[in-house]
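User: I'd like to learn how to read salt bridges and helix contacts in a model. Could you walk me through an example?

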Amino acid sequence: MQDEKNFIARLIQTKTQNEAFKELVQCYQKPLYYHIRNIVLNHDDADDVLQNTFIKVFSNIGNFKGESKLYSWMYRIATNESLTFIEQRAKKQGISNIELQQKAILNLESDVYFEGNEIQIKLQKAIATLPEKQQLVFKMKYFEEMKYENISEILDTSVGGLKANYHHAVKKIEEYLKNN
């Protein structure tokens, strides 16, 4: 993508906004979908959250201060939208976020969009036992292969804290996989 400041200016200007937003969606639709999918686990839910994310990005681009990269800002919105979605869905069903995740993991086996095998399902079960922050850090580092610096911008956490979270997550997952 071209120089970010010029691109953001195009996103804000009424004349160029629609074309620039199409470019933005084209560039970020797939990576944001997979990021969201890693959090919500279900294809249809990920599509819904992705749509909400782009609506929020479009509606709030004028408020983007440029203190982080546009990429980081959009991923932060996607992450928050995903977590809010899980919270609302769990509340609506009268269960905890953890119980909702367990149900989603069970549904992965019949999900035609899920390409994993038995081991992947077991890994998802292990990840679901982690605290929310460790889950996010692990998924972003392990599945999306993000650099700690990018995760730091998205989650607004220090790199050192992220490394500690990832290390603890890996240890807990190893322990889970060994015992289950």
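Analyst: Happy to; we will go through charged pairs and then one helix contact. Keep in mind that this is a predicted model.

User: How many salt bridges are there, and what is the idea behind them?

Analyst: Side chains of opposite charge can pair when their charged atoms come close. Here the count comes to four salt bridges. One of them joins Glu23 and Arg10, with the closest N and O atoms 2.6 Å apart. Glu23 belongs to helix 2 and Arg10 to helix 1, so this pair ties together parts 13 residues apart in sequence.

User: Are Glu23 and Arg10 buried or exposed?

Analyst: Arg10 is buried, at 18% relative accessible area, under the 20% cut-off. Glu23, at 26%, is partly exposed.

User: Which salt bridge links helix 3 and helix 4?

Analyst: That is Glu81 with Lys56, at 2.4 Å from N to O. Glu81 sits in helix 4 and Lys56 in helix 3, so the pair ties together parts 25 residues apart in sequence. Glu81 is buried at 13%, while Lys56 is partly exposed at 38%.

User: Where do Glu174 and Lys171 lie?

Analyst: Both are in helix 9, three residues apart, about one turn of the helix. Their closest N and O atoms are 3.8 Å apart.

User: Back to helix 1 and helix 2: at what angle do their axes cross?

Analyst: They cross at roughly 120° and come within 5 Å, which makes helix 1 oblique to helix 2. The contact includes Phe7 and Arg10 of helix 1 and Phe21 and Glu23 of helix 2. Its residues divide into seven nonpolar, three polar and three charged.

Technical notes: Residues numbered from 1 in each chain as written. Predicted model: local features only at pLDDT ≥ 70, side-chain atom pairs only at ≥ 80, totals over all residues. Heavy atoms only, no water. Axes fitted to C-alpha atoms, helices over the stretch in contact; angles between N-to-C directions. Helix = DSSP H or I, 4+ residues; strand = E, 2+ residues; numbered from the N terminus. Parallel < 35°, antiparallel > 145°, perpendicular 65-115°, else oblique. Contact = heavy atoms within 4.5 Å. Nonpolar A, V, L, I, M, F, W, Y, C, P; charged D, E, K, R; others polar. Salt bridge = Lys/Arg side-chain N within 4 Å of Asp/Glu carboxyl O. Buried < 20%, exposed > 50% of the residue type's maximum accessible area, 1.4 Å probe, protein only.
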